[in-house]
Number of protein chains: 2
Amino acid sequence: MMKKTNSRDKIIEVGAQIIHRKGYNHTGIQEVLTAAGVPKGSFYFYFKNKEDFGLQIIDYFTEFYSQQANLVFDDQSVPPLERIKRFLEGFIKIFESIDFTCGCLIGNLAQEMGDLSPAFRIKLKESVDIMTDFYARALKEARQRDDISARLDIAETADFILTSWQGALVRMKIEQSARPLKNHIKFIFEFILES
Amino acid sequence: MMKKTNSRDKIIEVGAQIIHRKGYNHTGIQEVLTAAGVPKGSFYFYFKNKEDFGLQIIDYFTEFYSQQANLVFDDQSVPPLERIKRFLEGFIKIFESIDFTCGCLIGNLAQEMGDLSPAFRIKLKESVDIMTDFYARALKEARQRDDISARLDIAETADFILTSWQGALVRMKIEQSARPLKNHIKFIFEFILES
């Protein structure tokens with residue numbers, strides 16, 4: 001049983017990495033299995049088909065993202081707006097370490113698969129809602145502390161932070177620099193959160 | 001000669017439409033030629049290879065975008081900030097008419113090809129600079145009229161408007177609604193341009 005679980009996780013992890021860089025449609029199942037060092041037969045033991053594989057990768061990534069986000073957003077020793085800033089700045093360091101490539105797997109799949117697969121669209125929407133909720137929770141705390149303007153609607157603001165960040169990540173890929181990410185943080189903080 | 005020019009334009013137009021919806025790597029040359037009703041031999045008369053075809057599509061789209069943008073941004077009877085709003089709201093109507101699919105071809109290709117092809121990356125960066133410049137020119141006029149805060153840097157603001165709009169377009173595709181686009185316009189205007 002242990003071995004089977006490990007094979008599934010290995011396929012998912014390696015598949016997520018390849019799809020993150022090359023896209024879903026441009027990635028072949030055989031390519032993933034070869035990179036994962038797993039025989040072809042096992043793929044259909046764990047996944048109904050390629051789409052099912054893609055959907056399970058979204059779940060895997062959302063879980064991983066949530067664990068990382070909790071580390072930052074659960075830290076009550078840091079004021080809530082500062083948690084948002086630390087989270088975004090943490091991403092800058094991660095992207096710096098991979099030469100500003102890849103972007104956000106969820107954003108990438110939303111762009112690539114949003115029009116092509118209703119199953120992807122629904123799953124990606126769920127993932128985006130989870131990602132947005134980290135910002136919403138921090139903003140709620142900021143509101144209680146009177147740290148943000150009464151003009152800001154929490155749900156709309158949380159959504160705008162994530163949505164505009166996704167755009168900055170796309171720009172990052174063609175500029176190969178942190179500039180769009182830093183510009184995002186500047187506008188979100190100087191003009192919206194600290195306005 | 002006329003016929004040859006028409007064949008090239010036809011391949012580019014049809015190719016842009018298919019790639020806009022399905023992505024570059026997921027689109028086959030034969031598929032484009034069949035849809036365009038053009039024999040295969042003519043492809044290599046106009047394009048060195050698929051990458052060259054993709055790069056010419058970016059030029060074609062950037063030219064088309066610029067023509068449309070000029071119609072709005074050259075209208076001196078409308079105040080400059082209002083031109084920005086009209087331009088963005090015009091896109092909402094366009095996306096409404098195609099059920100909030102496709103998104104921005106340039107943003108899509110930046111996401112898909114930014115890491116995979118240096119030639120695409122350079123060409124997409126040029127395109128994005130041209131798209132950003134429409135906002136920068138309007139903001140410059142707004143500055144001269146004292147319509148925007150002295151705190152706003154024109155280049156950074158123009159960049160943030162376009163970059164965050166690209167993110168909103170990705171979100172639009174999974175929500176199949178104008179909500180993210182409207183939220184973008186709200187934040188850009190209420191908190192940044194009219195702050």
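Through which surface do the copies, chain A and chain B, meet? This tour of a predicted model begins with the single chain, passes to the contact, and ends in the enclosed and open spaces.

**Chain A alone**

Select chain A and colour it by secondary structure. Nine helices and zero strands appear, and from the N terminus on the elements run α-α-α-α-α-α-α-α-α. The C-alpha trace of chain A spans about 55 × 35 × 30 Å along its principal axes.

**The pair**

Now display chain B as well. Chain B is superposed on chain A by a rotation of 180° with 0.0 Å of shift along the axis, at an RMSD of 0.0 Å. The two copies are thus related as by a two-fold rotation axis.

Next, select the residues in contact across the two chains: 47 residues come from chain A and 47 residues from chain B. Of the interface residues of chain B, 100% are also interface residues in chain A, so the copies meet through the same surface, which answers the opening question.

The size of an interface is often given as the accessible area lost when the parts come together. Here the area buried between chain B and chain A is about 4,400 Å², with carbon and sulfur atoms giving 59% of it. On the chain B side, pick out B:Gln111, B:Ile174 and B:Phe191: these residues lose the most area to chain A, and together they make up 17% of what that side buries.

Eight salt bridges are counted between chain B and chain A. To view a salt bridge, show the side chains of A:Arg179 and B:Asp159, which meet at 2.8 Å, N to O.

**The largest cavity**

Turn on a display of internal voids. The whole structure contains five cavities of 30 Å³ or more, and the largest cavity holds about 170 Å³ of space. Centre the view on A:Gly23, A:Gln111, A:Glu112, B:Gln111 and B:Glu112, which lie nearest the centre of this cavity among its 21 lining residues. B:Gln111 is thus met again, having appeared among the residues of chain B that lose the most area to chain A.

Helix H1 (2–22) and helix H6 (105–113) of chain A, together with helix H1 (2–22) and helix H6 (105–113) of chain B, each supply at least two residues of this lining. Coloured by class, the lining shows two nonpolar, twelve polar and seven charged residues.

**The largest pocket**

Move to chain B and select B:His20, B:Phe61, B:Phe64, B:Phe91 and B:Ile94. Of the 30 residues that line the largest pocket, these are the closest to its centre; the space in the pocket is about 750 Å³. The elements of chain B that give two or more residues to the lining are H1, helix H4 (50–73), helix H5 (80–97), helix H7 (118–144) and helix H8 (154–175). H4(B) gives the most, with seven residues. By class, the lining divides into 20 nonpolar, seven polar and three charged residues.

**The second largest pocket**

Finally, return to chain A, where the second largest pocket has a volume of about 640 Å³. Its lining has 26 residues, and A:His20, A:Phe61, A:Phe64, A:Phe91 and A:Ile94 are the closest to the centre. Two or more residues come from each of H1, helix H4 (50–73), helix H5 (80–97) and helix H8 (154–175) of chain A, with the largest share, seven residues, from H4(A). The residues of this lining divide into 19 nonpolar, six polar and one charged.

Note on methods:
Residues are numbered from 1 along each chain as its sequence is written. Chains are lettered from A and ligands numbered from 1 in the order in which they are written. This is a predicted model: local features need pLDDT of at least 70, side-chain atom pairs count only at pLDDT 80 or more; totals for chains, interfaces and linings use all residues. Side-chain values use heavy atoms; hydrogens and water are left out. Copies are superposed by least squares on the C-alpha atoms of residues with pLDDT of at least 70 in both. Contact means heavy atoms within 4.5 Å. On a 1 Å grid over the protein atoms alone, a cavity is a set of points where a 1.4 Å probe fits but cannot get out, and a pocket is an open set with protein on both sides within 12 Å along at least five of seven lines; lining residues have an atom within 4 Å of a point. Grid points are joined across faces, edges and corners, and a volume is the space filled by probe spheres set on the points. Helices (H or I, at least four residues) and strands (E, at least two) are DSSP runs, numbered from the N terminus. Ala, Val, Leu, Ile, Met, Phe, Trp, Tyr, Cys and Pro count as nonpolar, Asp, Glu, Lys and Arg as charged, and the others, Gly among them, as polar. Buried area is the accessible area (1.4 Å probe) that two parts lose on being put together, summed over both. A salt bridge is a side-chain nitrogen of Lys or Arg within 4 Å of a carboxyl oxygen of Asp or Glu.
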